[in-house]
Every structure is written in structure tokens, then in C-alpha cells.
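Visitor: I would like a close look at one part of this model. Please take a single residue and its strand, then work outward through the surroundings.

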Amino acid sequence: MSPNPDPPAPPTGFAPEHRTAVAAAEEAGALLRSRFPDGFTARPKGQGGDVVTDLDLQAEQLVVGRIRERFPHDRILAEESGELQGDGGGRTWLVDPLDGSNNVVIGLPVYVVGIALCVDDTPVVGVVHDPMTCRTWSALRGGGAHGPRGRLAAPAGARPLPPAGPLLAWTQGHAVSRDDPAACALKRTLELRCRRLLQLWAPLVAWAMLARGDIDGFVGYRAEAIDLPAGALLAREAGMALRHLDGAEFAGGFSGPDTARSFVAGRPEVLPHLLDLVANSTSSPGTEDTHTAGTAPTGPAARRPSAAGTSPCGPTSGRRPGRPSA
């Protein structure tokens, strides 16, 4: 039995869209790499301590332009510029041009470019590109997930968890406050029962790590919409299982309220253990999962931070980034 029962399939044949997304992500990655760590400026974004850099804006312009050139009638939701309307055909591109802006600003080499295409709310193409290592991971719905070394797939034999517990990654949405009781209860349970809980400030990096098998699982609480479809599709096509916190099937789409975007993802043999961990945290008020469908957003959700470093792919240039004011 598949770890992820498939919903009704959308139209097939997305190879041209896949090629466009990979090429655009890698071109944007080259731009980001050429100006990290010293060639950009940054400014505050909102009141929650987030930032945006001129690299976000330039990479987004590049990716959106490439998609618009090739598929002029499609709707696009981009992290910084918002919505570009389409012809109503149900195709929506989601563009996260720099997942990890806050990491970049403090000099951490942990950031990626993410692009997805959804038909209605079903992810059909997903691309994650790491500019610092020049590596790309991508997936086509029903066509598997692939990376630099070929196809990604969960190991045939179950890998037992170590006595110290699973190695997990965590993300929470930008709108979730630091003292949110549900998020705090869930994180505390995971931190106590896991070997390590990674908080990378770049969810797409965690999704790629999960798809590669570097970590055992990934837990998200009211996750952001803009990067979710690309990451979820990549993990699903690599053989990982995805569920809501209550164990119901998790599709990984972008529409609806953020309460519908809390998830547990992991290797199929580990997933029951992860769901048990989550269930142990639900005695606190507010930790119950809600995944009622809602109205699709008119623009992307706020971004998360990421990171950067010295690249083996080419030289960096420019000046020190501006630091956001307090």
C-alpha cells in the first residue's frame, strides 16, 4: 500500500513546465551565488523581525519573467510581488526566489530557490535549487523525484530509529507568535523525545533533506503556503509519507487557511512514531489539527529566513549586505 494514497490525477505531461522551472531556478541561483555574502542590501519586512533583500527581488523578477515568457496565461503567486493573474485555467505557479533571507543576512550559507506548479490545488511540478552547492532536486507528480545523483527513493528496507529518537526538522508559519501555546507544546514534546530538532529558517532546505533521507521527518505548524507545494511534492515523490497532525492524508497544496497547513512528514516506517509524538502534545489547548478547506489566498504568505556561504561554483563579489534596523 502506498504511504500516500493519490487524489484524482490532474492532466499529465508537465515536462516543458519542469524544464522551465529547473532552468529558471538555476539561473536565479547563479545570480544569488554571485552576490553572496557581500553583494546585497537588506531592509526590515513587517514588524516581526523578518527581512527582505534586493536579491529576493531580483531573483523573483528573473524567475517570474521566465515563467511569463513561456506560459503567459498562467497565474503566478510570488513571495515578494504577490499575485499575477492568469486566465482562470486552474494553473498556479508559486515562486520563492530566496528561501532563507534571514540566513543570508547573517552570513549563513543555507538558502535555496523554490518553484512549484499546481493544477487547482494539486502540486504537479516542484523544484528546489541550492545555489551554494549548485545542486537541484525536482519532482513531477507521478514521475518521481530526482537529484544530482539520479532518482530519489526511500530505502527498500526499514531503517530503525536510534535509541535517542528521530532526527527531525521544524517549521512554523510567520503568523505564529513565539508564545503560541500549541506551537510551544508541540515543539517541547518533539525536543524532549527526538535526537535533534532542526530549525533551519528555510523550509525548502528541510524538505530536500527529507527527500534525500538525511533526516527522519519534518513537522510543520501552520506552515507558509508559498514554499509548501514544491517541498511536499519532492518528499512525496521520493517515497515519504505526509499527514496532517491528526493522521489524515496531507496533500501539500497552498489554498485554504494556515490551520490546514500543519503536517507531519517522514519515512513511512517512522511515521506512526512521529504521529504518536504529536498526539502526546495535543493535551495542550489549541494543538488539535484543523484542515478544513478554505478560500485560496490572493497572494503569498510571508517568508522565512535562510542562509549562505562560500560557493564552490564560482566567485562572489560586491559589498557587505545592509543590516535591518531593530
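Guide: The model is predicted. Start with Trp170, which is found in strand E11, residues 167-172. Is Trp170 buried or exposed? Its relative accessibility is 5%, and the cut-off for buried is under 20%, so Trp170 counts as buried.

Now the contacts of Trp170. Neighbours within four places in sequence are left aside here. Trp170 then touches Ala183, Leu186, Lys187 and Leu190. Leu197, Leu198 and Gln199 are also in contact with Trp170. So are Phe218, Val219 and Tyr221. There is a polar link as well: the side chains of Trp170 and Gln172 are joined by a contact of 3.3 Å. For a long-range pairing, take Val264. Trp170 and Val264 stand 94 residues apart in sequence, yet their C-alpha atoms are 9.6 Å apart in space.

Next, the sheet. Five strands form an open sheet in the order E12-E11-E13-E15-E14. The pairing is mixed. At the edges are strand E12 (196-198) and strand E14 (241-244), and each pairs on one side only. On average, neighbouring strands of this sheet are turned by 20° against each other, direction ignored.

Look at the E14 side. E14 and strand E15 (residues 263-266) run antiparallel, joined by four bridges. Across from Phe263 in E15 stands His244. Helix H7 (residues 271-281) packs on the sheet. H7 touches E11, strand E13 (217-221), E14 and E15. The direction of H7 makes about 150° with that of E15.

Other helices deserve a stop. Helix H5 spans residues 203-212 and is mostly covered, with nine of its 10 residues buried. Among them are Pro203, Leu204, Trp207, Met209 and Leu210. Val205, Ala206, Ala208 and Ala211 are buried too. Just after H5 comes Gly213, with a positive phi of about 90°.

Helix H6 (residues 228-237) holds Arg236. With a relative accessibility of 14%, Arg236 counts as buried. What does the side chain of Arg236 reach? The partner is the backbone oxygen of Phe250, at 2.4 Å.

A second arginine sits elsewhere in the chain. Arg35 lies in the loop between helix H1 (15-34) and strand E1 (42-45). Its relative accessible area is 18%, so Arg35 is buried under the 20% cut-off. The Arg35 side chain has a polar contact of 2.7 Å with the side chain of Asp54. Another, of 2.5 Å, goes to the side chain of Gln58.

That leads to helix H2, residues 54-70. H2 has 17 residues and reaches 25 Å from its first C-alpha to its last, close to the expected 24 Å. Thr53 caps the N-terminal end of H2: a side-chain oxygen of Thr53 lies 3.1 Å from the backbone nitrogen of Leu55. The buried residues of H2 include Asp54, Leu55 and Asp56. Ala59, Glu60 and Leu62 are also buried, as are Val63, Val64 and Ile67.

Last, the cysteines. How many disulfides does a search of the whole structure find? Zero. Cys118 is buried, with a relative accessible area of 0%. Cys194 counts as buried at 7% relative accessibility.

Key: Residues are numbered from 1 along each chain as its sequence is written. This is a predicted model: local features need pLDDT of at least 70, side-chain atom pairs count only at pLDDT 80 or more; totals for chains, interfaces and linings use all residues. Side-chain values use heavy atoms; hydrogens and water are left out. Helices (H or I, at least four residues) and strands (E, at least two) are DSSP runs, numbered from the N terminus. The expected span of a helix is 1.5 Å times one less than its number of residues. Buried means under 20% relative accessible area, exposed over 50%, partly exposed in between (1.4 Å probe, protein chains only). A polar contact is a pair of N or O atoms within 3.5 Å; within protein, one must be able to donate a hydrogen and the other to accept it, and residues adjacent in sequence count only if both atoms are side-chain atoms. A disulfide is a pair of cysteine sulfur atoms within 2.5 Å. Contact means heavy atoms within 4.5 Å. Two strands pair if DSSP finds at least two bridges between them. Axes are lines fitted to C-alpha atoms, for helices over the stretch in contact, and angles run from 0 to 180 degrees between N-to-C directions.
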